[in-house]
Amino acid sequence: MNATVCAIVVTYNRSELLKKCLNAITNQSVDVNHIVVIDNHSTDTTPKIMRSMSSNQILYKRLDDNYGGAGGFKRGISYALKNTHDQYFWIMDDDTIPTNETLENLLHATLLLDDFGFLTPNTHWKDGTPMNVPPIAQNWSVAADKGLIKVKEATFVSLFVERKKVEKVGLPFEEFFIWHDDTEFTTRLSKLAPGYFVSGAMVVHESAGNSAPSIYTDVSSRISRYYYLYRNEMYICKKHKGKIITLTTFLRDLFVSLKVLVVAPDHRAKRFATVLKGTFSGLVFHPRG
């Protein structure tokens, strides 16, 4: 395989996981040409570790502030566009641990397809249970005999894209900050060509847990983050999914805002206000790109 690949990793205060992630990338069965590491202004030992790993292959950029996942991935992809000429970008979180043959299987999938918008690997948690499973698309089985499932969108837990596709659709929206920046980005990519789940390309997502975040039960210090979840999702519906789905999502979010007043164990008013604020903000939100 003569394709060139730049891995892009965004990190924040998880130096031990970052080391494990980078070790997995550098020990792939096929070579990675460059590794761009975007540090969202970590306050742990990340800068020291990255200085010790300095090389022509590893390109480290420490940001002057924490710009969230969306800002980090935007800057990482932009940096790769400007500082490498690699054909593919392999984008991931710092808690993503690829197996030795993940990249080889992703590259093999490119040979099986006439065209694709993005590829997403088979992601499991530490205990082997599936996670970050993408929603399947219509005609999902068109390449199933090749171990490829057509999907609608994917996450930055691990995402494989062509440089030329990114140049067409643009960068992730920094203003999303957290949540759904990746699904919006891959939705744009899927308008150029279908996205595919690559069953043979395995990664382990060593996150804190394998349960979806919930506005009903999350700790009080995280409640304000849900503003971005509801705002960004509403924007995606409005921009990409049509009036019926937008209306359905709006009504669902109104129901959620009322439900938290009944079932949430604490901070009910704050949870209620966060859902409503995010939902209504999404109706008028227009990221600058």
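In the predicted model, Lys150 has Tyr196 of strand β9 as its bridge partner. The strands concerned are β7, spanning residues 148-151, and β9, and the two run antiparallel and are joined by four bridges. Strand β9 itself covers residues 195-205, and it also pairs in the antiparallel sense with strand β5, residues 96-98, over three bridges; within β9, Val204 is the residue that stands opposite Ile97. The pairing of β9 with strand β6, which comprises residues 118-124, is by contrast parallel and extends over seven bridges, and here Thr123 finds its bridge partner in Val203 of β9.

Turning to the helices, α7 (residues 226-263) packs with α8 (residues 268-284) at an angle of about 165°, the two axes lying 7 Å apart. Because angles over 145 degrees count as roughly antiparallel, α7 is placed in that class with respect to α8. The crossing in which α7 passes α8 is left-handed, and the residues that form the contact between these helices comprise 18 that are nonpolar, together with six polar and six charged ones.

Helix α7 also departs from a straight course. Although this helix has 38 residues, the C-alpha atoms at its ends are only 17 Å apart, whereas a straight helix would reach 56 Å at 1.5 Å a residue. A bend of about 150° is found in α7 at Lys241, a residue that falls within the 226-263 stretch assigned to this helix.

Methods:
Residues are numbered from 1 along each chain as its sequence is written. This is a predicted model: local features need pLDDT of at least 70, side-chain atom pairs count only at pLDDT 80 or more; totals for chains, interfaces and linings use all residues. Side-chain values use heavy atoms; hydrogens and water are left out. Two strands pair if DSSP finds at least two bridges between them. Axes are lines fitted to C-alpha atoms, for helices over the stretch in contact, and angles run from 0 to 180 degrees between N-to-C directions. Angles under 35 degrees count as roughly parallel, over 145 as roughly antiparallel, 65 to 115 as roughly perpendicular and the rest as oblique. A crossing is left-handed if the near helix is turned anticlockwise from the far one by less than a right angle, and right-handed if clockwise. Ala, Val, Leu, Ile, Met, Phe, Trp, Tyr, Cys and Pro count as nonpolar, Asp, Glu, Lys and Arg as charged, and the others, Gly among them, as polar. The expected span of a helix is 1.5 Å times one less than its number of residues. The bend at a residue is the angle between axes fitted to the seven residues ending there and the seven starting there.
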